[in-house]
Structures are given as C-alpha cells and as structure tokens.
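Work through these short exercises with the model open. Try each task before reading its solution.

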Amino acid sequence: MMAAGATYTTIARRLDLSQRAILRHVTVLRRRLGATNLFQAGLQAARRGWI
C-alpha cells in the first residue's frame with residue numbers, strides 16, 4: 001500500500017490497525033532494510049524483490 005502512495009492513515013483504516021501501529025511496523029521495516037528514510041526503504045524493498 002505504501003508503494004501505491006497510501007498514507008499511514010489510509011493503511012491503518014484498511015488493516016483495521018491504529019496509525020501508531022503502522023508507524024511501529026514501518027520503523028521495524030526501515031531498520032531491517034538499513035534505511036534512514038521511506039524513500040531509501042522503498043528502494044531497498046524493491047531491490048530485494050519485496051515489492
């Protein structure tokens with residue numbers, strides 16, 4: 001959903017989670033990818049074939 005441009009609020013609503021939960025998940029993913037921002041995370045995820 002993030003790759004499609006959805007906001008944290010939209011993602012939270014679609015997954016029936018809080019926005020805070022989404023932010024925590026994104027933080028964990030960024031750390032796993034070694035990214036300091038969302039753009040870098042997107043690039044790394046694409047390189048790994050995640051998206």
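**Exercise 1. Classify Asp-16 by its accessibility, then examine its backbone.**

Solution. The model is a predicted one.
Step 1. Take the relative accessibility of Asp-16, which is 70%.
Step 2. Apply the cut-off: exposed means over 50%. Asp-16 therefore counts as exposed.
Step 3. Place the residue. Asp-16 sits in the loop that lies between α1 and α2.
Step 4. Check phi. Most residues other than glycine have a negative phi. Asp-16 is not a glycine, yet its phi is positive, at about 55°.

**Exercise 2. Describe how α1 and α2 pack.**

Solution. Two numbers are needed: the angle between the axes and the distance between the axes.
Step 1. Read them off. The angle is about 110°, and the axes are 8 Å apart.
Step 2. Name the arrangement. Angles of 65 to 115 degrees count as roughly perpendicular, so α1 is roughly perpendicular to α2.
Step 3. List the contact residues. α1 supplies Tyr-8, Thr-9, Ile-11, Ala-12 and Leu-15. α2 supplies Gln-19, Ile-22, Leu-23 and Val-26.
Step 4. Sort them by class. The contact of α1 with α2 has 7 nonpolar residues, 2 polar and no charged ones.

**Exercise 3. Compare the exposure classes of Arg-20 and Gln-40.**

Solution. Buried means under 20%, exposed over 50%, and partly exposed lies in between.
Step 1. Locate Arg-20: helix α2. Its relative accessible area is 61%, so Arg-20 is exposed.
Step 2. Locate Gln-40: helix α3. Its relative accessibility is 31%, so Gln-40 counts as partly exposed.
Step 3. Add distances. Arg-20 and Met-1 are 19 residues apart along the chain, and their C-alpha atoms are separated by 16 Å. Gln-40 and Ala-6 are 34 residues apart along the chain, with 17 Å between their C-alpha atoms.

**Exercise 4. Characterise the largest pocket.**

Solution. A probe the size of a water molecule, rolled over the atoms, shows where empty space is left.
Step 1. Give the volume. The largest pocket holds about 450 Å³ of space.
Step 2. Find its centre. The pocket is lined by 17 residues, and the closest to its centre are Met-2, Ala-3, Val-26, Leu-29 and Ile-51.
Step 3. Assign elements. α1 (8-15), α2 (19-33) and α3 (38-47) each give two or more residues to the lining. The largest share comes from α2, with 6 residues.
Step 4. Sort the lining by class. The residues divide into 14 nonpolar, 2 polar and 1 charged.

Technical notes:
Residues numbered from 1 in each chain as written. Predicted model: local features only at pLDDT ≥ 70, side-chain atom pairs only at ≥ 80, totals over all residues. Heavy atoms only, no water. 1 Å grid on protein atoms, 1.4 Å probe; cavity = no way out; pocket = protein on both sides within 12 Å on 5 of 7 lines; lining within 4 Å. Points joined across faces, edges and corners; volume = space filled by probe spheres on them. Helix = DSSP H or I, 4+ residues; strand = E, 2+ residues; numbered from the N terminus. Nonpolar A, V, L, I, M, F, W, Y, C, P; charged D, E, K, R; others polar. Axes fitted to C-alpha atoms, helices over the stretch in contact; angles between N-to-C directions. Parallel < 35°, antiparallel > 145°, perpendicular 65-115°, else oblique. Contact = heavy atoms within 4.5 Å. Buried < 20%, exposed > 50% of the residue type's maximum accessible area, 1.4 Å probe, protein only.
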